[in-house]
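Hi,

Here is the structure I said I would pass on. Have a look at it first, and then read my notes below.

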Amino acid sequence: MLSLAKDYLSERRTLGFALRMQGRQITAFALFADERGHSGPLTNDIVLNWVQGQAKRASPFS
């Protein structure tokens, strides 16, 4: 997942998008998915597990 996220971010930056905060979030999610051995299409379960883990560190911004 991390290599796919890096490719995606590289393409977006080539198109002129800065993606600073968004890039960190996308990379963090990709690492999370890789650490759990996820492969294939994203599922509700993997997304919800990540969101619930992030909620413990939530800020007004997020």
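Q54 is partly exposed, with a relative accessible area of 26%. This residue belongs to helix α3. Pair Q54 with F29 and you get 25 residues of separation in sequence but 9.8 Å in space, C-alpha to C-alpha. Do keep in mind throughout that this is a predicted model.

V47 is another residue of helix α3. Its relative accessible area comes out at 32%, so V47 is also partly exposed, given that the partly exposed class runs between 20% and 50%. Leaving out residues up to four places away in sequence, V47 touches F29 and L42. From the C-alpha of V47 to that of F32 the separation is 9.7 Å, with the two positions 15 residues apart along the chain.

Stepping back to the overall picture: the protein chain has 3 helices and 0 strands, and read from the N terminus the order is simply α-α-α. The chain has 62 residues, and 19% of them count as buried. As for contacts with a separation of 6 or more, 41% of them are between residues 24 or more positions apart.

Now the core. Which residues make up the largest nonpolar core? There are 5 of them: F29, F32, A33, I46 and W50. Helices α2 and α3 (44-55) each supply at least two of these residues, and the largest share, 3 residues, comes from α2. So F29, which V47 touches, is itself one of the core residues. A33 is worth a click too: not counting residues up to four places away in sequence, A33 touches M1, H38 and I46, and I46 is a fellow member of the core.

Next, the pairing of the other two helices. How do α1 and α2 run relative to each other, roughly parallel or roughly antiparallel? The axes of α1 (residues 2-14) and α2 (residues 20-35) come within 8 Å and cross at roughly 165°. Angles over 145 degrees count as roughly antiparallel, and α1 and α2 are therefore roughly antiparallel to each other. Their crossing is right-handed. On the α1 side, the contact is made by L2, A5, Y8, L9 and R13; on the α2 side, by G23, I26, T27, A30, L31 and D34. Sorted by class, that contact has 7 nonpolar, 2 polar and 2 charged residues.

One residue of that contact deserves a closer look, namely G23 in helix α2. Is G23 buried or exposed? Its relative accessibility is 4%, so G23 counts as buried, the limit for that class being under 20%. With residues up to four places away in sequence set aside, G23 touches L9 and R13, and both of these are on the α1 side of the helix contact. The C-alpha atoms of G23 and K6 are separated by 8.8 Å, and the two residues are 17 apart along the chain.

If you open the model in a viewer, I would start with two spots. One is the contact of α1 with α2, where G23 sits among the α2 residues. The other is the core set of F29, F32, A33, I46 and W50.

Cheers

Key. Residues are numbered from 1 along each chain as its sequence is written. This is a predicted model: local features need pLDDT of at least 70, side-chain atom pairs count only at pLDDT 80 or more; totals for chains, interfaces and linings use all residues. Side-chain values use heavy atoms; hydrogens and water are left out. Axes are lines fitted to C-alpha atoms, for helices over the stretch in contact, and angles run from 0 to 180 degrees between N-to-C directions. Helices (H or I, at least four residues) and strands (E, at least two) are DSSP runs, numbered from the N terminus. Angles under 35 degrees count as roughly parallel, over 145 as roughly antiparallel, 65 to 115 as roughly perpendicular and the rest as oblique. A crossing is left-handed if the near helix is turned anticlockwise from the far one by less than a right angle, and right-handed if clockwise. Contact means heavy atoms within 4.5 Å. Ala, Val, Leu, Ile, Met, Phe, Trp, Tyr, Cys and Pro count as nonpolar, Asp, Glu, Lys and Arg as charged, and the others, Gly among them, as polar. A nonpolar core is a set of buried Ala, Val, Leu, Ile, Met, Phe, Trp, Tyr and Cys residues joined through side-chain atoms within 4.5 Å. Buried means under 20% relative accessible area, exposed over 50%, partly exposed in between (1.4 Å probe, protein chains only).
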